[in-house]
Amino acid sequence: MAERSLDRIDVRPAYSLEDAAAYETRFAGVPAPEMLRTLLTGELRGQIAAVSSFGTESAVLLHMVAQADPATPVVFTDTLKMFPETLVYRDVLVERLGLLDVRVIRPDPARLAARDPDGIRHGYDPDGCCDLRKVEPLARGLAPFEAWISGRKGFQAGTRRALPRFEVEEGRLKLNPLADWDKVALDDYFTRRDLPRHPLEAEGYLSIGCAPCTSKVKPGEDPRAGRWRGFDKVECGIHRPVSAV
């Protein structure tokens, strides 16, 4: 009798740092819309989702995604602390861009009841609040995918200056198509495509997250200076600060 071969389960991460470096080299100098079109309709089709906060600059990336493939899944984490204007803006963009698969992920009700029953955790433990309302829900939303698209830009804050276009986090490929875009390029894209602006931007909210932890940006500040003002906190936990090598 022939010896039976053992079944083996491949538990290796889907992507490695070497893969990210190879993508970085392959798409060096390739415009973001073309890069997304190639990947979303090619090798990453069915494996990738875009993540959007539907914030101040989100329309640019979402427009590129919709132009490449409007059926690309878009994951939106509704923390239940969002500005009402953000929820309205989300619906406007979804209809305007023709996005076909927007997935709204919310915090787990049982975890909310146990860890933030009064809904005030943001005021004394913003890291814990973000973990509860953003990080864990997004992890659930991204579970089916091997890659995802972020809207981060290098100019937004000092912690993002060295942002690459491709990263790997916990074995998942992470794309930052707008890493090297500045405010001028974004504004030009809005104008040329006649994209609607977030209604709070004109009031001085240059980076928009949850309502209790978002304030207006003062002249000369980084666009993200209005996030978690008064706390030693610059990221929600979904993204890690990027250090220059």
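Helices H3 and H7 are oblique to each other, since in this predicted model they pack at an angle of about 60 degrees with their axes 9 Å apart. H3 (residues 58–68) also comes within 9 Å, axis to axis, of H2 (residues 32–40), and within 10 Å of H4 (residues 84–97). The chain that holds these helices has seven helices and six strands, and buried residues make up 49% of its 245 residues.

**Packing around helix H3**

- The crossing of H3 with H7 (residues 183–193) is left-handed, and the residues that meet there are Ala-59, Val-60, His-63 and Met-64 on the H3 side and Leu-186, Tyr-189, Phe-190 and Arg-193 on the H7 side.
- The axes of H2 and H3 cross at roughly 45 degrees, which makes H2 oblique to H3, and the crossing in which H2 passes H3 is right-handed.
- In that contact H2 contributes Ala-32, Pro-33, Leu-36, Arg-37 and Leu-40, which meet Leu-61, Met-64, Val-65 and Ala-68 of H3.
- With H4 the axes cross at roughly 30 degrees, which makes H3 roughly parallel to H4, because angles under 35 degrees count as roughly parallel; the crossing of this pair is right-handed.
- Ala-59, Leu-62, His-63 and Ala-66 of H3 meet Tyr-89, Leu-93 and Leu-97 of H4.
- Ala-59 and His-63 of H3 therefore appear in the contact with H7 and again in the contact with H4, while Met-64 of H3 appears in the contact with H7 and in the contact with H2; as background, an α-helix has 3.6 residues a turn, so residues three or four places apart point the same way.

**Helix H6 and what covers it**

- Helix H6 covers residues 126–142, and at 1.5 Å a residue its 17 residues should span 24 Å, a value with which the 22 Å between its end C-alpha atoms agrees.
- H6 nevertheless contains a kink of about 35 degrees, centred on Leu-132, and Leu-132 is itself one of the buried residues of the helix.
- The other buried residues of H6 are Pro-126, Gly-128, Cys-129, Cys-130, Arg-133, Lys-134, Pro-137, Leu-138, Gly-141 and Leu-142, a list that includes the charged-type names Arg-133 and Lys-134.- Cover for these buried residues comes from elements that include the strands E1 (48–51), E2 (74–77), E3 (102–105), E4 (147–149) and E6 (172–175), together with helix H5 (109–115).

**Two buried residues with contacts across the chain**

- Phe-145 lies in the loop between H6 and E4 and is buried, with a relative accessible area of 7%.
- Phe-145 touches Gln-47, Ile-48, Ala-49, Pro-73, Arg-103 and Arg-172, when residues up to four places away in sequence are not counted, and its C-alpha atom is separated by 7.9 Å from that of Gly-46, although the two residues are 99 residues apart along the chain.
- Lys-233, in the segment after H7, is buried as well, with a relative accessible area of 8%.
- With residues up to four places away in sequence again left out, Lys-233 touches Pro-126, Asp-127, Cys-130, Arg-227 and Trp-228; of these, Pro-126 and Cys-130 are listed among the buried residues of H6.
- The C-alpha atoms of Lys-233 and Asp-127 are separated by 7.9 Å, and the two residues are 106 residues apart along the chain.

**Positive phi outside glycine**

- Phe-54, placed in the loop between E1 and H3, has a phi near 50 degrees, a positive value in a residue other than glycine, and Phe-54 is buried, with a relative accessible area of 0%.
- Asp-194, found in the segment after H7, has a positive phi of about 55 degrees although it is not a glycine, but Asp-194 is exposed, with a relative accessible area of 56%.

**The chain as a whole**

- Read from the N terminus on, the elements run α-α-β-α-β-α-β-α-α-β-β-β-α.
- Among the contacts in the chain with a separation of 6 or more, 72% are accounted for by residues 24 or more positions apart.

How values were computed
Residues numbered from 1 in each chain as written. Predicted model: local features only at pLDDT ≥ 70, side-chain atom pairs only at ≥ 80, totals over all residues. Heavy atoms only, no water. Helix = DSSP H or I, 4+ residues; strand = E, 2+ residues; numbered from the N terminus. Expected span 1.5 Å × (residues − 1). Bend = angle between axes of the 7 residues up to and from the residue. Buried < 20%, exposed > 50% of the residue type's maximum accessible area, 1.4 Å probe, protein only. Contact = heavy atoms within 4.5 Å. Axes fitted to C-alpha atoms, helices over the stretch in contact; angles between N-to-C directions. Parallel < 35°, antiparallel > 145°, perpendicular 65-115°, else oblique. Left-handed = near helix turned anticlockwise from the far one by under 90°.
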